[in-house]
Amino acid sequence: MTPPKIRPLAHAEIEPHIPMLISDGFTPDIDMGEWLGAFDEETLAGFVRVFDEGGTWMLEDVYVFPEHRRRGLAAALIDEARRDRDHLWLICDDPMIGYYENLGFAVSAKEDFPAPLATLYRAKGEWPVASDHNHTAMRWSGRRA
């Protein structure tokens, strides 16, 4: 399989997809951080957002359109998001823990989640749990899987 073309997305490229993310339970902030898009030829196939909050890098809004799934696009997007970074955090729903562990992330104790991120996600109602399910903090610390 040919590696996907991944590049930063302009505001106008991601904006049409924000309502879909919100309807799927995501809480995207279109203006916070950098959005990266993976392309299948010229078609946007998926995206991810990475941002710095208080000196701590966070990965969020990992999404691949259904017709493009199971091709390694999410892993490629995550790999690009962690390029030139020595650490990266995420929070995920428990069923996704194994997926992220396979990419080199490790589960962290809730009390180890960095304070700037805990404050941000607490304000969104997503930390330490969402309204109807648990969230798990995971950290990648520079060691690729």
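The lining of the largest pocket is made up, by class, of 18 nonpolar, seven polar and eight charged residues, in a model that is predicted. That pocket has a volume of about 950 Å³, and 33 residues line it. Elsewhere in this briefing the subject is charge pairing, since the structure holds seven salt bridges, and the surroundings of one methionine, Met20, which is found in helix α2.

**The largest pocket**

- Among the residues that line the largest pocket, those closest to its centre are Phe26, Val62, Tyr63, Met96 and Tyr100.
- Strand β4 gives the largest share of the lining of the largest pocket, namely seven residues.
- At least two residues of the lining are supplied by each of β4, α3, β5 (88-93) and α4 (97-102).

**A salt-bridge network with buried members**

- Arg49 and Asp61 form a salt bridge in which the closest N and O atoms are 2.8 Å apart; because Arg49 lies in strand β3 (residues 43-53) and Asp61 in strand β4, the pair ties together parts that are twelve residues apart in sequence.
- Both Arg49 and Asp61 are buried, which means that the relative accessible area of each is under 20%.
- Through salt bridges that share partners, Arg49, Glu60, Asp61 and Lys124 are joined into one network.

**Salt bridges between partly exposed residues**

- Asp40 is joined to Arg71 by a salt bridge whose closest N and O atoms are 3.2 Å apart, and this pair links distant parts of the chain, with Asp40 in strand β2 (residues 34-40) and Arg71 in the loop between β4 (56-64) and α3 (73-81), 31 residues apart.
- Asp40 has a relative accessibility of 32% and so counts as partly exposed, while Arg71, with a relative accessible area of 34%, is partly exposed as well.
- A further salt bridge brings together the side chains of Glu13 and Arg7, at 2.5 Å from N to O.
- Glu13 counts as partly exposed because its relative accessibility is 27%, and Arg7 counts as partly exposed, also at 27% relative accessibility.

**Met20 and its contacts**

- Helix α2, in which Met20 is found, covers residues 18-23.
- With a relative accessibility of 23%, Met20 counts as partly exposed, given that the buried class is reserved for values under 20%.
- When residues up to four places away in sequence are not counted, Met20 touches Phe47, Tyr63 and Phe65; of these, Tyr63 is also listed among the residues closest to the centre of the largest pocket.

Definitions and conventions
Residues numbered from 1 in each chain as written. Predicted model: local features only at pLDDT ≥ 70, side-chain atom pairs only at ≥ 80, totals over all residues. Heavy atoms only, no water. Salt bridge = Lys/Arg side-chain N within 4 Å of Asp/Glu carboxyl O. Buried < 20%, exposed > 50% of the residue type's maximum accessible area, 1.4 Å probe, protein only. Helix = DSSP H or I, 4+ residues; strand = E, 2+ residues; numbered from the N terminus. Contact = heavy atoms within 4.5 Å. 1 Å grid on protein atoms, 1.4 Å probe; cavity = no way out; pocket = protein on both sides within 12 Å on 5 of 7 lines; lining within 4 Å. Points joined across faces, edges and corners; volume = space filled by probe spheres on them. Nonpolar A, V, L, I, M, F, W, Y, C, P; charged D, E, K, R; others polar.
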